[in-house]
Amino acid sequence: PKGAVVPPVGEPVVFDQKVCIFIPHSMVVRVKQTIKILNADGAAHNTHTYPKKGTVFNSVVQPNDRNGVDLVYGQVEREPVSVGCDIHPWMQAYHLPLDHPYAAVSSEDGTFQIKDLPAGKHEFKVWH
């Protein structure tokens with residue numbers, strides 16, 4: 001929103017791979033925020049992003065890697081970025097890199113909260 005004081009980018013967030021599933025399935029991240037890509041499985045995985053504007057990320061994450069590989073989006077995307085594993089094609093997730101913190105992923109029951117949203121009139125986009 002116009003006039004909003006956007007807080008600085010927060011701490012790194014974790015994107016893990018467990019039993020051939022990306023966890024979390026969907027996440028909102030800030031541009032320039034580090035995503036630590038981990039692998040809890042005994043097999044290698046590959047994290048491959050498909051942004052429409054930004055740079056593609058494509059990296060193997062070794063088995064049982066709990067230190068992780070860093071991913072940082074450098075550009076805002078208007079829609080969630082598809083994330084896949086080229087080794088295990090059924091693995092699918094989504095990242096939404098934004099330049100502000102005013103977004104949320106709903107919980108299992110469909111509720112969500114957008115903290116510290118400045119007062120005013122806002123337009124929201126819902127993606128399902």
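This passage describes the two largest pockets of a predicted model. Local features rest on pLDDT of at least 70 and side-chain atom pairs on pLDDT 80 or more, whereas totals for chains, interfaces and linings use all residues. Residues are numbered from 1 along each chain as its sequence is written, and side-chain values use heavy atoms, without hydrogens and water.

Pockets were sought on a 1 Å grid over the protein atoms alone; a pocket is an open set of points with protein on both sides within 12 Å along at least five of seven lines. Lining residues have an atom within 4 Å of a point. Points are joined across faces, edges and corners, and a volume is the space filled by probe spheres (1.4 Å) set on them.

The largest pocket has a volume of about 1,200 Å³. Its lining comprises 31 residues. Leu-96, Ala-103, Ala-104, Lys-125 and Val-126 lie nearest the centre. By class, 18 are nonpolar (Ala, Val, Leu, Ile, Met, Phe, Trp, Tyr, Cys, Pro), five charged (Asp, Glu, Lys, Arg) and eight polar (the others, Gly among them). Strands are DSSP runs of at least two residues, numbered from the N terminus. Strands E3 (26–30) and E9 (92–98) each supply at least two lining residues. E9 gives the most, with four.

The second largest pocket holds about 240 Å³ of space. It is lined by 15 residues, with Val-13, Val-28, Val-29, Arg-30 and Gln-33 closest to its centre. This lining has 10 nonpolar, three polar and two charged residues. Strand E1 (13–18) and E3 each supply at least two of them. Here E3 gives the most, with four residues.
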